[in-house]
Amino acid sequence: MGDKVLQMNNIMKIYPNGVVAVEDVTFELEKGEIHALLGENGAGKSTLMKVLFGIETPEQGEIILNGCKADIKSPQEAIKMGIGMVHQHFMLVPSLTVAENIVLGVEPIKSSLFIDEEKAFKLSKEIAEIYNFDIDVTERVEELPVGLKQKVEILKALYRGADILILDEPTAVLTPQETEELFVQLKKLKEKGHTIIFISHKLDEIKEICDRATIMRNGRSKGTFFVKDISTAEMSRLMVGRDVVVTFDKKPVELKETVLKVRNLCITGFTGIKRVDDLSFDVKAGEIFGIAGVEGNGQGHLAEVLTGLSNKYKGEITIFDRDVKKHNIRELRDLGMAHIPEDRMTFGCAKNMNIMDNMFTNQYHKPEYSGKVLLKNKKIESRVNDLIKEYLVKCKSYKQNVGMLSGGNIQKVVVAREFSTDPKIIIANQPTRGIDVGAASFIRQRIIEFRDAGCAIILISADLNEVLELSDRLAVIYKGKFSGVFNDVKNLTEAELGKYMLGIKRDDRLEGIIYEQ
Amino acid sequence: MNSNTKLNILRIVLSVLIALLISFGIIFITSEEPVKAIIQLLTGPLQSQRRFGNVIEAMIPLIFTGVGVSIMFAANEINLAGEGAFHIGGLIATYFALNTVLPPVISPIAAIVAAGLFGMLVTGVPAVMKIKTESDVLVSSLMMNYLILYFSNYVLNNMLRDPKAGAVVSYAVPDITKFSTIFPGTRIHVGLFIALAVAVVGYVFLYKTKIGYEIRITGENRDFARYSGINTVKITLISQLVGGFIFGVGGGVELLGMYNRFTWTSLLGYGWDAIIITTLAKKNPIYVPFAAFFLAYLRTGASIMSRSTDVATEIVTITQGIIILLVVAEQFLSKYKHKIISREARATLIEKEGE
């Protein structure tokens with residue numbers, strides 16, 4: 001350690017929608033260290049790394065690599081300079097073998113036209129052995145578990161000669177066991193002289209394997225620290241700008257009538273796999289029913305059928321004793337359903353339309369806002385202006401296109417629209433994903449207010465903090481089934497919840513019984 | 001006006017200028033008398049009342065088709081059957097004029113409404129086929145145009161053809177059904193007012209009514225529209241029917257205003273012109289008359305140029321092509337756009353620090 005291998009000075013990046021993602025950040029890397037880049041979603045970590053990897057061009061600033069000024073215009077150039085990146089979403093071709101993926105783009109060639117498969121296998125095997133990666137290079141990537149896929153990504157970068165390895169939230173998709181294994185590998189890479197940038201917001205992991213940490217908040221650097229000299233509490237304070245997670249004042253739950261009834265719900269995906277497997281539950285007015293789980297365990301499919309977006313299911317779903325299958329989305333919404341979709345850009349908004357157009361799609365047809373033919377634009381306009389104020393949407397005016405707003409503000413537009421109809425049942429799917437802390441706690445506060453007002457709320461979230469803070473009852477979904485249902489959320493720890501989420505623990509009593517409180 | 005609108009206008013103006021410059025370059029290379037040709041192209045239409053009249057006459061059908069396609073494309077459905085709808089509009093208006101006896105004023109109105117209804121049918125068929133069979137609208141609507149052309153030729157030959165006339169044309173349309181001229185010395189007809197009214201109504205329809213709002217949301221993001229509770233299938237169909245109606249009316253108005261007989265035995269290309277117009281007008285019917293005027297002016301100028309110099313009218317198709325390429329090229333001026341945006345963002349940063 002000691003030599004500076006990389007300096008990024010005064011980097012600024014502004015995205016085409018006007019969002020300043022990184023504002024005057026300086027970042028240094030010493031040879032052979034594992035350097036954590038720490039910050040919440042939207043703090044600018046990924047953007048900074050995209051600048052380093054040549055995916056984004058910065059507005060200002062310079063990059064000095066091994067003492068020379070480097071102008072990195074594309075990932076190809078970054079790779080040539082010895083920088084490798086393992087993205088959060090893997091960039092692998094599932095139908096190809098491990099070896100083919102490793103050599104992809106720099107394949108050994110046979111008789112100047114064909115790929116030399118044997119050599120590809122040999123080279124991949126060699127590189128896997130050098131770094132002690134236990135992996136069968138002849139296997140197809142689609143058949144590998146997530147942990148191994150990640151290893152393939154790392155090998156891919158190493159094969160291309162990466163000295164500096166950027167890992168973008170590598171543990172987000174891993175089980176605890178896989179994470180342990182990854183850490184062992186990373187330590188070995190460090191011994192071999194590689195420098196690693198470890199992007200994360202998990203403090204305990206950083207404590208465990210990182211030497212130094214640079215903390216980012218709101219696009220700025222809050223400083224670089226030796227991990228051994230800084231407490232997790234201090235790191236957390238710098239990262240989120242508050243000492244602990246805000247706890248909300250929640251009144252004791254006051255249960256009213258049953259709003260949502262789900263019985264023996266089964267959803268089969270395209271590939272014939274059961275996405276949701278015989279779920280039964282009730283949600284009553286006045287409670288927040290949390291559904292926690294690692295993404296991809298059936299939550300998305302569940303939300304789709306609850307909100308009427310899909311009617312491909314077996315079993316029974318009723319809202320206010322009405323069969324969901326027999327009603328279209330407009331009718332469900334008019335019954336009092338509101339839906340915060342998982343992916344706000346796909347289902348939640350039209351980015352090329354202005355805020356006003358986006359805030360009214362669920363109620364323009366109501367007599368307050370339109371006659372038989374024409375819209376009552378004056379009334380809509382004043383209502384939208386009120387909503388913008390009430391939900392603190394940061395914008396120039398309602399005429400601004402939604403695509404020009406930041407993620408948090410787009411989410412506020414979505415939430416404002418969904419909550420403005422005075423809903424009776426809210427299905428909130430990852431309501432605060434990828435948005436800033438302020439917006440997130442604002443939205444959570446609103447959800448609690450609606451619960452207090454007697455609304456039934458289904459909160460689907462992968463954010464443990466969120467489900468633990470908000471839920472009155474909490475179910476954990478794993479592979480389409482509830483692996484645990486908890487009435488007493490207060491005494492539940494993250495660690496305990498994690499075990500249910502990863503399927504390590506499951507409550508066998510839940511098998512087949514209809515859950516009622 | 002926000003920076004985005006300004007930028008859009010700048011992009012269109014620049015596109016037009018660049019396209020003209022390239023065309024001038026070609027004229028300079030190929031023509032014996034380039035200066036005269038360019039002057040004729042640019043100022044020719046202003047040199048007499050009759051010539052300016054030609055611009056307005058040419059503008060009328062372009063407004064109809066521009067508005068029609070703007071409404072169809074607003075639902076993000078690339079339905080190109082407007083061409084056929086326009087054609088059948090002319091045919092039906094003629095048929096109606098020749099086969100019904102109605103009082104003045106009522107007669108032309110009834111004729112163009114009938115034309116519109118048939119136009120609706122033409123654009124509606126590909127739309128319904130998509131709903132029922134998931135066939136690709138682009139392909140089926142293109143094929144529809146040929147179907148209409150030969151259907152129209154059949155009707156002309158077997159039901160409307162005037163055997164005494166030298167060519168394949170219909171009987172003369174009675175004066176009672178024709179649109180009267182409004183400016184002596186030109187052929188500008190009452191259809192101008194209808195066209196302008198259609199542009200305004202089209203704008204109100206898309207931007208002020210419930211259905212228009214539904215069409216725009218569906219066009220911008222179909223998933224979002226469905227999630228919001230909009231019946232996207234129904235709404236898309238409606239937009240295709242309304243667009244087809246306007247195309248049909250346009251065909252009827254063009255025939256009753258500018259022709260004595262139905263003479264269309266091949267497709268006229270108004271469906272394609274409509275795409276140029278809607279691109280320039282950014283799918284907003286209220287801008288369509290301006291775009292239509294521009295295109296009509298350019299074409300009239302080109303035809304004057306070709307009559308008085310050695311440059312052919314086809315030069316404007318090059319100009320049109322370049323304009324469209326530049327206007328639809330998303331990345332054109334994107335660096336400049338990014339500069340403006342980052343300047344604004346920096347200004348807000350400084351503002352914040354000042355607080």
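Helix 9 (residues 299-306) of chain A lies across four strands of that chain: strand 15 (288-292), strand 19 (425-429), strand 20 (456-461) and strand 21. Its direction makes an angle of about 150° with strand 19 of chain A. Keep in mind as you look around that this is a predicted model.

**The sheet in chain A**

Those strands belong to an open sheet of six strands in chain A, in the order 18-19-20-15-21-22, with mixed pairing. At the edges sit strand 18 (337-340) and strand 22 (481-486) of chain A, each of which pairs on one side only. Going from one strand to the next, the twist averages 15°.

Here is how some of the neighbours in chain A line up, with one facing pair of residues for each.

| Strands of chain A | Sense | Bridges | Facing residues |
|---|---|---|---|
| Strand 15 and strand 20 | parallel | five bridges | A:Ile291 and A:Ile460 |
| Strand 19 and strand 20 | parallel | five bridges | A:Ala428 and A:Leu459 |
| Strand 21 and strand 22 | antiparallel | five bridges | A:Ala475 and A:Val485 |

Strand 20 of chain A deserves a longer look. In a regular strand, side chains alternate between the two faces of the sheet. On one side of strand 20 of chain A you'll find A:Ala456, A:Ile458 and A:Ile460, and on the other A:Ile457, A:Leu459 and A:Ser461; all of them are buried, so both faces of the strand are covered. Since six of the six residues of strand 20 of chain A are buried, the strand is largely enclosed by the rest of the structure.

**Where the chains touch**

Now for the contact between chain A and chain B. Chain A brings 28 residues to this contact and chain B brings 20. On the chain A side, strand 2 (20-30), helix 10 (329-334) and helix 11 (344-348) each supply at least two of the residues that touch chain B. Sorted by type, the chain A side has 14 nonpolar residues, 10 polar ones and four charged ones.

**Chain B, helix after helix**

Over in chain B, there are 14 helices and zero strands. Read from the N terminus, its elements run α-α-α-α-α-α-α-α-α-α-α-α-α-α. The C-alpha atoms of chain B fill a box of roughly 85 × 60 × 35 Å along the principal axes. The radius of gyration of chain B is 22 Å, which agrees with the value near 20 Å that a compact globule of 355 residues would have. Of those 355 residues in chain B, 48% count as buried. Contacts across the sequence show up here too: among those in chain B between residues at least 6 apart in sequence, 78% join residues at least 24 apart.

One helix pair in chain B gives you a close-up. Two packed helices are described by the angle between their axes and the distance between the axes. For helix 2 (residues 34-43) and helix 12 (residues 288-308) of chain B, the angle is about 145° and the axes are 7 Å apart. Their crossing is right-handed. From helix 2 of chain B come B:Ala37, B:Gln40, B:Leu41 and B:Leu42, which meet B:Gly301, B:Ala302, B:Ile304, B:Met305 and B:Ser308 of helix 12 of chain B. The residues in this contact of helix 2 with helix 12 of chain B comprise six nonpolar, three polar and no charged.

Methods. Residues numbered from 1 in each chain as written. Chains lettered and ligands numbered in written order. Predicted model: local features only at pLDDT ≥ 70, side-chain atom pairs only at ≥ 80, totals over all residues. Axes fitted to C-alpha atoms, helices over the stretch in contact; angles between N-to-C directions. Left-handed = near helix turned anticlockwise from the far one by under 90°. Contact = placed C-beta atoms within 7 Å. Nonpolar A, V, L, I, M, F, W, Y, C, P; charged D, E, K, R; others polar. Rg over C-alpha atoms; globule rule 2.2 N^0.38 Å. Buried ≥ 20, exposed ≤ 12 C-beta atoms within 10 Å, placed from the backbone. Pairing = 2+ DSSP bridges.
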